[in-house]
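Q: I would like a close look at one part of this model. Please take the place where the two chains meet in a sheet, and work outward from there.

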Amino acid sequence: MTEDNKITLHSFTELVARRARVSSADANIYVHQLAKTMAEELEKGDYIHLYRFGRFHTTHVEEQMGHDPNSGEPLTIPGHTRVHFHPYSSLRIAVNAPFSQLRIRELTPDKTAWRTRSGAWVLAALVIVLLILLGINWQDGIPTQDAPLVAHTNQNSDIAIPAPVAAAAAAAPAEVKPAPTKALATGVIVSPGDTLWAIAETRWGAPFWWPIIYVENRAELSRRNPDLIDSGITLRIPVLAGSVNSPKDTDLRLKSNAYQIVADDYRKLGNPRASEYGTVAARWSKE
Amino acid sequence: MDQSGLIEQVAKELGISNTLSQRLLRSTLREIRDLLRVGHAVTIPHLGTFDTATYEEHRGFRPASHDFAIFPKRRVPVFRTGTLLRDGVHDIESQEEGAPT
C-alpha cells in the first residue's frame, strides 16, 4: 500500500452512503459496527462468509524458528492464531481485470492439445466427407465392360474418339463435352475433342445413330477404328429418309447394318464391345 | 457465520431493520470491490486493510500439466489484518492448520 492509492475512511463512508442512499453519518456508524462485529466473531474462532466477496477465517500457526531482523539472532516464534482472508473468484476476476487477457504460457508446447480442440475434429470430419464424395464420383468414372471410359483418351488433341453406344448410354453423355463443331451444309469438320457420339448428338439430337455417320465416312477413315478419328477431316452427314424420332424402315435397316459394320470393326481390333454391337445389330435385323 | 447471520447481528446491535442492514452491507462490499478494481486500498478500522498486490510475470509449476509454465502478470486482492484484530486472535484456539508466515 502506497500513500497515493490510500482512500480515507471518511471518503469511503461517503461513497457507501451514496451507494446505499443513506446519510453519511449512518454509513459511518454502520461501517464501524460492522468491523467491530466481524472482529468479535473472528476472535471467537468463527469464520465469516461474504457472498461473492470472500471468506475470513482463522488459522493456527505452529511454533517456528526465526531470527531477529535487526540483530540477526535466532529466536523462537511461539505458536499463534492469525486471520486469513480468502478472496472468492468474482472478487479476484474484478481485481485482475487489467490483466485478464493474459494467459499462462507453457514452456514446452503441448503436442496433444489439438485433441481437446473441437475445431480439429470438425475439420477432420469435413475432410472425410469430402473424400467420401470424391470417392463416389471416382467410382462413376471407373471403366467397366458395360460402360467404357472415353473421357481420358479425349485428352489427345490430335485424335477424336466416338463414345460407345448401347449400354453406355447413361454414362457417356455426361463425359463427352459438346465441342464447338463447325457445321457445313452436309458435312462436319472434326475439331479436337470431338467424337462421333457428340457429332450425332449435335446434328440429330440422337447419339445412338452415330454408326451411320461412321459407315458413311468409312472409306476416308483409314484407321477403321470408330474410337479414333482424325481431327480436321470433314465428315459427311448422311441424309435420313425420315428423322431420328420417327425413322423409316430404310433408316432402321441402315442403322442395323451400321451397327453390324461397327461390330465387325471392333472385332478386328479386338475390342470387347464388338459382341454388344453384334447382338444389337442381330436383334434389329430380325425385326 | 454466514452473510445473513452477520446482517442480523449488526442490525440487532444498531437497532435498524434487516433490509437496511443488508443494503448497507452489500453497498460496503461492492464499494470495496470497485475501489480495489481501480487500484485503491481501503482501510476499515479495527479490522484491516483491503489492498491489491501485483505479481510480475514469473515461472512456476503448473499441476494441471505437471510442468513448469510462465504465469502472466496478475493483480490479486490482499487483506492485511489490523493490529487490534491480530492481537485479539493471537492467543485463541483454531482448528484449521495454516502455513507459517
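How many bridges join β1(A) to β1(B), and do the two run parallel or antiparallel?

A: This is a predicted model. Two bridges link β1(A) with β1(B), and the two strands run parallel. Within that pairing, A:I7 sits opposite B:V42 of β1(B).

Now the sheet as a whole. It is open and has four strands, in the order β1(A)-β1(B)-β2(B)-β5(B), with mixed pairing. The edges are β1 of chain A, residues 6-7, and β5 of chain B. Each edge strand has a single partner, so one of its sides has no neighbour in the sheet. A helix covers these strands: α2(B) packs on the sheet and touches β1 of chain A as well as β1, β2 and β5 of chain B. The direction of α2(B) makes about 30 degrees with that of β2(B).

The chains also pair at a second place. Strand β7 of chain A, residues 105-106, pairs with β4(B) in the antiparallel sense, over two bridges. Here A:R105 faces B:I70 in β4(B).

Next, the whole contact. Chain A brings 64 residues to it and chain B brings 60. On the chain B side, the elements that each supply at least two residues are α1 (3-14), α2 (18-37), β1 (41-44), β2 (48-55), β4 (67-71), β5 (74-81) and α3 (83-89). The most comes from α2(B), with 12 residues. By type, the chain B side divides into 26 nonpolar, 17 polar and 17 charged residues.

Contacts across the chains also reach a core residue of chain A. Leaving aside neighbours within four places in sequence, A:M38 is in contact with A:I48, A:F56 and B:L47. The largest nonpolar core has 34 residues, and A:M38 is among the four that touch the most other members, along with A:V16, A:A27 and A:L42. Helix α2 of chain A, residues 24-43, gives the most to this core, with seven residues. A second core, separate from that one, has 25 residues, including A:V190, A:I199, A:Y259 and A:Y266.

Finally, α2(A) itself. The helix has 20 residues and reaches 29 Å from first C-alpha to last, close to the 28 Å expected at 1.5 Å a residue. The buried residues of α2(A) are A:A27, A:Y30, A:V31, A:L34, A:T37, A:M38, A:A39 and A:L42. An α-helix has 3.6 residues a turn, so residues three or four places apart point the same way. Just after α2(A), A:G45 takes a positive phi of about 90 degrees.

Definitions and conventions:
Residues are numbered from 1 along each chain as its sequence is written. Chains are lettered from A and ligands numbered from 1 in the order in which they are written. This is a predicted model: local features need pLDDT of at least 70, side-chain atom pairs count only at pLDDT 80 or more; totals for chains, interfaces and linings use all residues. Two residues are in contact if their C-beta atoms, placed from the backbone, lie within 7 Å. Ala, Val, Leu, Ile, Met, Phe, Trp, Tyr, Cys and Pro count as nonpolar, Asp, Glu, Lys and Arg as charged, and the others, Gly among them, as polar. Two strands pair if DSSP finds at least two bridges between them. Axes are lines fitted to C-alpha atoms, for helices over the stretch in contact, and angles run from 0 to 180 degrees between N-to-C directions. A nonpolar core is a set of buried Ala, Val, Leu, Ile, Met, Phe, Trp, Tyr and Cys residues joined through C-beta atoms within 7 Å. A residue is buried if 20 or more other C-beta atoms lie within 10 Å of its own, exposed if 12 or fewer, and partly exposed in between; C-beta atoms are placed from the backbone. The expected span of a helix is 1.5 Å times one less than its number of residues.
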